[in-house]
Structure formats: structure tokens, C-alpha cells
Amino acid sequence: MSLSRRQLFGLSGGVVAGVALGACGVALTAPGGSTGAVLPSEVPLPKPFTTDLPPLATARTRPLRGGGRKGTLTTRRRGTEILPGRTTEIAGYDGTFPGPLLEATKGEPLHLTLRNELDHPVVNHLHGGVTPPRDDGYPTDLVGPGTSRVYRYPLRQRAATLWYHDHTMDLTGPNVYAGLAGGFVLRDPAEEDLGLPRQERELTLVLTDRSFGEDAQLLYPMTEHGIERRYHGGLLGDCMLVNGAPWPRTDVDAARYRVRVLNACNARRLELALDPGGEIVQVGTDQGLLTRPHRRRSLTLAPAERADVVIDFSAYRVGQQVTLVNRLGDGDMGLVMRFDVARRGKDDSRVPERLSVIDPIDPSRVVRTRDFHLALGKPMPSGHGSHSGGDRSLPMWSINGQPYRPGHDLFTAELGTVERWRITTDVHHPVHAHLVHFQVEQDGAPAWKDTVDVGPASRAEVLVPIEGYRGRYVMHCHNLEHEDRMMMADWSVV
Ligand code: C2O
Ligand code: CU
């Protein structure tokens, strides 16, 4: 590519932040359990809880001949009000930030046309989807500017809170930051009998941290060689957005709500809790319902992780303010949003003790154990590959010592088998694989995930049924600054 990074995705005027480089300034870990460095906004940020939680835009779909649905998303730039009274230019699906919520039904295919009206290529990926390789959004499977393509999602999988986002080689971080991410709720009519809260008492919250320049534009500190070295461990914003609004508030009934929470931050981990205290009842993970509800005081979500929870606001008085806080954040970043218990409400919802059935995988079915070590690698040898991984004097993030080389499989796995993956780390890495799901043990019961939050210098173990389709997929760290700096690997199902 001969265009500079700035030309490729130029977020109007504000891309290059005026942040001084430290002498060797690579900030790997920030206080509070995130990897990365905070980029301070240059514009005064609003006081928390002075904006209303906006409803998420929803994407309209139409019946598809032969069954299923079809819909279209158009990537475009648009000026939108994020900070009160200011206009921020975003580059998002249908020009919204975050993208419109897509809803689909388990077992009914969705054919999604992506029209790209941006001036740079994009790639769409359905995160958590079980999708054939050609429609999965491989990082170099670009949709050029002014063109469109259809992604066919079979959706033969468990109902779950999925999401979709850009996956462009080297540029996923800036593209998602500019707006290319949205929620995707895959429903199962059979779940309706459970009696969980629904309709106006079902919320989807897309959480993103962002920083703003003087001109109220999004700041993403790119240089010609990739992200500025100070943010090479991850970019942390200092303004918390929920569904695109800074620290919003909303009225709720004194009743149960089902809340699907997506951590769509590039690098920030969140530990969510309620103030003045209270229970968060987790009913689902990345890949759908748990077997039974788990009552918690707090819930940690690394980038790309989702949780499906029920909050019972009847535990509070009418008139009370219940703040969703982030225990890993400092100052205002310790706040997320506020629920104002506005009125009493009739409530016939419930949280049954049996939510779903997950058969635990018998470990004797494991045919292969693989080890993955996610860590800072060595600086790239000169002349490595054809892609532009950024500043070559900086070490690359790596998996098993390898920086990403598209087109070269790190391993192949056999369709229909079960593997055990053991993951070790240097700093925090949320590890995600396309196509497959991870069976983990959570609170003594099996649960399904597609992203696992592996702490610094720790080790995680997951069971991985190799199911779905043959072909080439990726696995990677979902700290997007790590992903863009090569913490990714190809692997194939054979
Ligand atoms: Cu959320 Cu490879 O993606
Ligand atoms: Cu990482």
C-alpha cells in the first residue's frame, strides 16, 4: 500500500494526537488491569449522567427467498453528536456509532450486504459466528471503496449475543475506533419460554472508551508506521460511551431487566458492579445462556467479551439512582452509566434456575493438546512479509514467537475432533478464535465462550470442539492494538 495510514482512514483532522513520545515510551500496562496507555482528551468532557442513553439504531432485515433474512449495511462517514453540542465525524455502519443492532433467529440464515462508501477498504466479521471461511471476514478479504459484497451467515449455532466489526489487516484498531462495530443478537424462540425480561425490559449496551481532540474529533494516534509507540500496548480512551453516549443515564422501572453487555473497547478491561451495591445475575456468556444463573457482585469483561445479565431494580427504592461502575477505572472512567429507578412496574418475568443444557465435553475425547504463548516478540526482521506492521524498531506482538503471516497456517485441526488449547501470556491478552467456541468451566459448570481473558503471566485451558466448516480462519488477541501489531495467526480446519 502506498497511501499513508492517514490517507487510508483519515478520521478528519484529529487523527494524530499531540502526545510526546517517552524516551523508550512503550506503556504496556496501565493501572487497573488493562494493557495500554490512556490518551487524554483535549476537549472538556461532559459531566457523567448528563446525557440520556440513546436507543440503539436497529438494522432492518427482510425475508430472504428460500428462508432466512437479508439486510444491508452501508459504511459511511457522518457527523454525529457524541459530546453535547459538538459534532464528531465517525466512519460507521449506516453512519451510526455504534453500528445498528442486528437481530436474527438461530437456524435462519442472514445474508448481509455490505456496501462500502468509505474511501478505504473494509472487512466485515461476525464475531462469534460459525461462518464458512469465504464469508468470515479474513483480514485481507477486502471490500474496496465504492463496492459491495454479500456475507452469508448460516447462523446454525446457539442463540447468543454476538457482534460484528471491521477486521482489516493492520487497521482493525483505527477502523473499529472510528465506528465500525455493532451488536448482533441471535435469538432462539425456544428461549422465550424461560420468562426472562424482554421487550422494553431488554437492553443491549455497547461499551466503548474513546478520546476526543480539541475539535471534538476522535483521536487515534496513528503514524505512517502504525500506532504511536506509546500506545503499542493498547489505546485507552478517557471518555466512556454507552451506545455512543458519554456516561449516559436512563429511567428504569423498579423491575427486572435483561441487559446484554458488550465490551467493544479496543483495549480496556472492565469490572462492572452496581453502586450502592446489589446483585448482578449473570445468565449468559459470549456464546449464550449458562446452565443456571450465577449471582455476582461484579463481572469482568475483557475486550470482545459479552455478558448477559439480569438486574432487578425492584431491589431499590423508587427515586433511587443506581450507578453501573467500572472498578478497574480511575476518576470518571470508574463510572459507566446510571439507572434512575423512576417508577414501580408490574413484572411477570423470572430467572429460572435451569437456563440451558450444556453437555460437558468428556476430556477423553481430546485428540490433541496445543500450547499457545502470547507475548511481545522480537522486532520484525527487515523485509518480513509484504504487509505494513508498523514501526520496525518496535517489537511485534506474537503467538508462539511468530508475528502474523497471512497465508501461513500456525496449525491445522481436524473437523469433528476435540482439542485442548493451553494458553500462556506475558501481559493481559483476551484470546479469540474464529469459527470455534471454547468450553470453559465457570462457577463449576460448563459454559461456552469465544474470547477468554488471560491475565498477566497466567495460563488458561479450554476445550475446543472443531466444528463447522473446513478452511482457513484466524485466531488472535482481541486487544486491537495487539492484533494490528501482528498478534494473530492463521489456522485451518481440514
Ligand atoms: Cu472480534 Cu477476529 O474478531
Ligand atoms: Cu494481546
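Student: Which residues have the most contacts inside the largest nonpolar core?
Tutor: Keep in mind that this is a predicted model. Its largest nonpolar core has 51 residues. Those with the most contacts inside that core are L205, L207, F313 and F339.

Student: And what is F339 in contact with, leaving aside its neighbours within four places in sequence?
Tutor: Two of the core residues just named turn up here, L205 and F313. Beyond those, the list for F339 runs through L203, T250, V252, Q320, Q321, V322 and L324.

Student: How many residues does the second, separate core have?
Tutor: Look for I399, V427, A447 and Y473, which are among its members. That second core has 32 residues.

Student: Which residues coordinate the copper ion (ligand 2)?
Tutor: Two histidines each offer ND1 and a cysteine offers SG, at 2.0 to 2.1 Å. Along the sequence these donors follow the spacing H-x47-C-x4-H. Put names to that pattern and you get H429, C477 and H482.

Student: Are C477 and H482 buried or exposed?
Tutor: The cut-off for buried is under 20% relative accessible area. By that yardstick, C477 and H482 are both buried.

Student: Over in the open sheet, why is one side of strand 6 and of strand 8 left without a neighbour?
Tutor: Four strands run in the order 6-11-10-8, with mixed pairing. Strand 6 (99-105) and strand 8 (124-127) stand at the edges, so each has a single partner strand.

Student: What is the bridge partner of L126 in strand 10?
Tutor: Strand 8 pairs with strand 10 (residues 160-166) in the antiparallel sense, over four bridges. Within strand 10, the partner of L126 is Y164.

Definitions and conventions:
Residues numbered from 1 in each chain as written. Chains lettered and ligands numbered in written order. Predicted model: local features only at pLDDT ≥ 70, side-chain atom pairs only at ≥ 80, totals over all residues. Heavy atoms only, no water. Pairing = 2+ DSSP bridges. Helix = DSSP H or I, 4+ residues; strand = E, 2+ residues; numbered from the N terminus. Donors = N, O, S within 2.8 Å, 3.2 Å for Na, K, Ca; no water. Buried < 20%, exposed > 50% of the residue type's maximum accessible area, 1.4 Å probe, protein only. Core = buried A, V, L, I, M, F, W, Y, C linked by side-chain atoms within 4.5 Å. Contact = heavy atoms within 4.5 Å.
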